[in-house]
Amino acid sequence: MANQREIFYLWRPFLKDPKDDMVLELAVSAQCETIITYNKRDFKGIEQFGLRVLNPKEFLETIGEVK
């Protein structure tokens, strides 16, 4: 299931990669709690938006799928 979201480029540029800024903007708009990525270091500072960043393994551990 998906919900279409509008993004408004409110905080750009925030991250060093402009493509990652789009992911951040969407996560904030959708009121997400977590961004899951293999590039955690590219999302430094997102804690100020109430988000955390996890790699896929950490996420699976969090939801109890991997020990």
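These legends walk through a predicted model, from the whole chain to a handful of close-ups.

The model counts local features where pLDDT is at least 70 and side-chain atom pairs only at pLDDT 80 or more, while totals for chains, interfaces and linings use all residues. Residues are numbered from 1 along each chain as its sequence is written, and side-chain values use heavy atoms, with hydrogens and water left out.

**View 1. The whole chain, with two helices and two strands.** Going along the sequence, you meet the pattern α-β-β-α. Helices (H or I, at least four residues) and strands (E, at least two) are DSSP runs, numbered from the N terminus. Measured out along the principal axes, the C-alpha atoms fill a box of roughly 40 × 30 × 20 Å. Of the 67 residues, 22% count as buried; buried means under 20% relative accessible area, exposed over 50%, and partly exposed in between, with a 1.4 Å probe and protein chains only. The chain exposes about 5300 Å², and carbon and sulfur atoms supply 52% of that. Those areas come from the Shrake-Rupley method with a 1.4 Å probe, and for residues, only the protein chains shown count as cover.

**View 2. The largest nonpolar core and its eight residues.** Look for L15, L24, A27, I35, F43, I46, L51 and V53. A nonpolar core here is a set of buried Ala, Val, Leu, Ile, Met, Phe, Trp, Tyr and Cys residues joined through side-chain atoms within 4.5 Å. In soluble globular proteins, nonpolar side chains tend to be buried together.

**View 3. I35, a core residue in strand β1.** I35 counts as buried because its relative accessibility is 6%. Leave out the neighbours up to four places away in sequence, and I35 still touches V23, L24, A27, F43, I46, L51, R52, V53 and L54. A contact means heavy atoms within 4.5 Å. One of these partners, V53, sits 18 residues from I35 in sequence, with 4.8 Å between the two C-alpha atoms.

**View 4. F14 and F49, the one aromatic pair found in the whole structure.** The ring centres of F14 and F49 are 5.0 Å apart and the planes meet at 80°, so the pair is edge-to-face. Rings of Phe, Tyr and Trp (its six-membered ring) pair if their centres lie within 6.5 Å; planes under 30 degrees apart count as stacked, over 60 as edge-to-face and the rest as tilted. This pair links distant parts of the chain, 35 residues apart: F14 belongs to the segment before α1 (18-29), and F49 to the loop between β1 (34-36) and β2 (52-54). How accessible is F14? F14 is partly exposed, at 29% relative accessible area, and F49 is partly exposed too, at 21%.

**View 5. K16 and D42, joined by a salt bridge.** The structure holds three salt bridges, each a side-chain nitrogen of Lys or Arg within 4 Å of a carboxyl oxygen of Asp or Glu. For K16 and D42, the N to O distance is 3.7 Å. K16 comes from the segment before α1 and D42 from the loop between β1 and β2, 26 residues apart. K16 is exposed at 64% relative accessibility, whereas D42 is buried at 16%. Side chains of opposite charge can pair when their charged atoms come close.

**View 6. Salt bridges at helix α2, K40 with E58 and K57 with E61.** Where do K40 and E58 lie? K40 is in the loop between β1 and β2, and E58 is in helix α2 (residues 56-62), 18 residues apart. Their closest N and O atoms are 2.9 Å apart. K40 is partly exposed at 30%, as is E58 at 25%. K57 and E61 both belong to helix α2, four residues apart, or about one turn of the helix. Their closest N and O atoms are 3.9 Å apart. K57 is exposed at 54%, while E61 is partly exposed at 36%.

**View 7. T37, in the loop between β1 and β2.** T37 counts as buried, with 14% relative accessibility. A polar atom of the T37 side chain lies 3.0 Å from the backbone nitrogen of N39. Beyond its neighbours within four places in sequence, T37 is in contact with F43, V53, L54, N55 and P56.

Definitions and conventions. A polar contact is a pair of N or O atoms within 3.5 Å; within protein, one must be able to donate a hydrogen and the other to accept it, and residues adjacent in sequence count only if both atoms are side-chain atoms.
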